[in-house]
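Reader: I'd like to learn how to read the packing inside a protein model. Could you walk me through it?

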Amino acid sequence: MDARLSLRYERMVQSYMKVSEPLSAGMKALNDGVSSFAHTQAAWRFYANPMVSLSVLQAPLTAAAHEGITERCGSYALCIHDWSRLAYRHANKADRYAITHASDQGYDLQSSLVISDQTGEPIAPVAQCLVSGVGRQATYEEEVLTPRTHLDEVSRAMEHLEGLGFSRPLVHLMDREGDSVGHYRRWQSSGIQWLVRIRDNPQLTYQGSALASKTLAEQLTYHRARTVQVQGKPHEQYVGEIPVSVTRRSKPSCKKQVQPSVAGEPVMARLVVSRLFNEQGDMIAQWLLLTTLTAPTADTLVLWYYWRWQIESFFKLLKSAGHQLEAWQQESALAVAKRLLVTSMVYLCHRLGDCRESSTGSTATSAVVDSLEWSTDAF
């Protein structure tokens with residue numbers, strides 16, 4: 001961006017720093033003698049300017065990710081991927097579409113957030129994709145293209161992020177929607193490292209036998225990993241693991257017709273299982289995790305997956321606890337995506353302020369774990 005647009009970008013970030021009330025979906029006028037209408041008009045012009053592309057607005061966030069990964073990560077940088085529906089009932093957005101049913105009108109947002117492997121602290125949003133009724137707007141592809149499935153889209157984002165040359169290797173984290181053998185093979189062929197929560201029933205191969213993942217979980221030997229707090233009460237976490245391979249056939253996703261299953265190369269992985277027990281000794285939650293990583297301990301991998309909750313907090317901040325994203329009045333997905341990236345910089349500025357006030361960035365992982373309040377929602 002030229003100097004004029006850069007200055008406008010800086011002022012817009014400042015104006016969004018204190019948006020907090022449900023009815024305050026717009027920006028806060030700065031104390032500079034300029035009217036609120038003038039600020040609103042300037043924002044409209046900024047979002048409508050063709051020189052202000054998504055890749056341009058993503059650039060400072062990516063630069064912050066490079067710096068933060070170098071300063072605050074150990075052996076890896078953790079990249080969390082997730083999706084969130086944006087419900088828009090105002091008819092001024094002509095490019096809305098029915099996400100799940102006719103009355104569920106809005107956009108579909110996919111976000112990728114990098115966090116520290118040492119503390120779980122967010123570093124920066126590094127990729128965003130907004131799907132509308134006319135296509136998709138992504139920070140890593142300038143063209144408005146036909147929407148992909150969630151996992152095909154996140155795979156494209158992962159491949160893009162792998163090519164950015166971060167100073168630490170990325171580990172991509174996803175919840176159970178990422179449990180897809182076809183995509184495991186795609187990621188394996190691209191050299192992508194991942195940690196995914198899997199479902200109970202898919203089969204894994206162990207010592208030549210194909211068994212359901214929940215059946216394998218019953219055969220593990222568990223050790224105590226840590227004490228965690230759930231709703232203010234202490235709970236014990238136990239962890240076990242075994243080496244497995246994924247050999248089953250994949251089933252390509254296609255809404256138009258049934259696709260034949262496809263065989264592929266085995267995927268060598270680790271099954272890591274976390275179990276949480278209350279004071280009475282009852283198991284209240286269980287995670288089944290699959291990963292291609294070999295170096296981190298099972299205890300560390302479970303902690304990393306718990307930190308996946310940071311992206312849920314990111315969505316909450318955007319939608320209901322600060323920026324009221326679903327009340328924005330921009331008239332197109334492109335304008336909403338641009339404002340989303342400006343707001344992401346606001347999120348980053350707040351996070352940097354919190355980090356500088358709380359510590360020097362060298363907090364040991366064990367100390368952070370001791371202070372965690374674990375939520376059953378995360379399980």
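Author: Gladly! This is a predicted model, and we can start from a single side chain. Setting aside neighbours within four places in sequence, Gln58 is in contact with Pro125, Val126, Ala127, Thr139 and Leu341. Gln58 itself belongs to helix α3, residues 54–72.

Reader: Is Gln58 buried or exposed?

Author: The general idea is to compare relative accessibility with a cut-off: under 20% means buried. Gln58 has 4% relative accessibility, so it counts as buried.

Reader: And the cysteines: how many disulfides does the structure hold?

Author: Zero. Try the accessibility reading on two of the cysteines: Cys73 is buried because its relative accessibility is 7%, and Cys129, at 2%, also counts as buried.

Reader: How should I think about nonpolar cores?

Author: In soluble globular proteins, nonpolar side chains tend to be buried together. Here, the largest nonpolar core has 75 residues, and the members that touch the most other members are Phe46, Tyr47, Leu130, Val171, Leu195, Trp304 and Val342.

Reader: Which helix gives the largest share of this core?

Author: Helix α9, residues 333–358, with 11 residues. There is also a second, separate core of 25 residues, including Leu151, Met174, Val181 and Ala217.

Reader: Let's zoom in on one member. What does Trp304 touch, not counting residues up to four places away in sequence?

Author: Trp304 touches Tyr76, Leu78, Asp117, Val171, Leu173, Leu195, Leu293 and Pro296. Two names there should look familiar: Val171 and Leu195 are also among the core members that touch the most others.

Notes
Residues are numbered from 1 along each chain as its sequence is written. This is a predicted model: local features need pLDDT of at least 70, side-chain atom pairs count only at pLDDT 80 or more; totals for chains, interfaces and linings use all residues. Side-chain values use heavy atoms; hydrogens and water are left out. Helices (H or I, at least four residues) and strands (E, at least two) are DSSP runs, numbered from the N terminus. Buried means under 20% relative accessible area, exposed over 50%, partly exposed in between (1.4 Å probe, protein chains only). Contact means heavy atoms within 4.5 Å. A disulfide is a pair of cysteine sulfur atoms within 2.5 Å. A nonpolar core is a set of buried Ala, Val, Leu, Ile, Met, Phe, Trp, Tyr and Cys residues joined through side-chain atoms within 4.5 Å.
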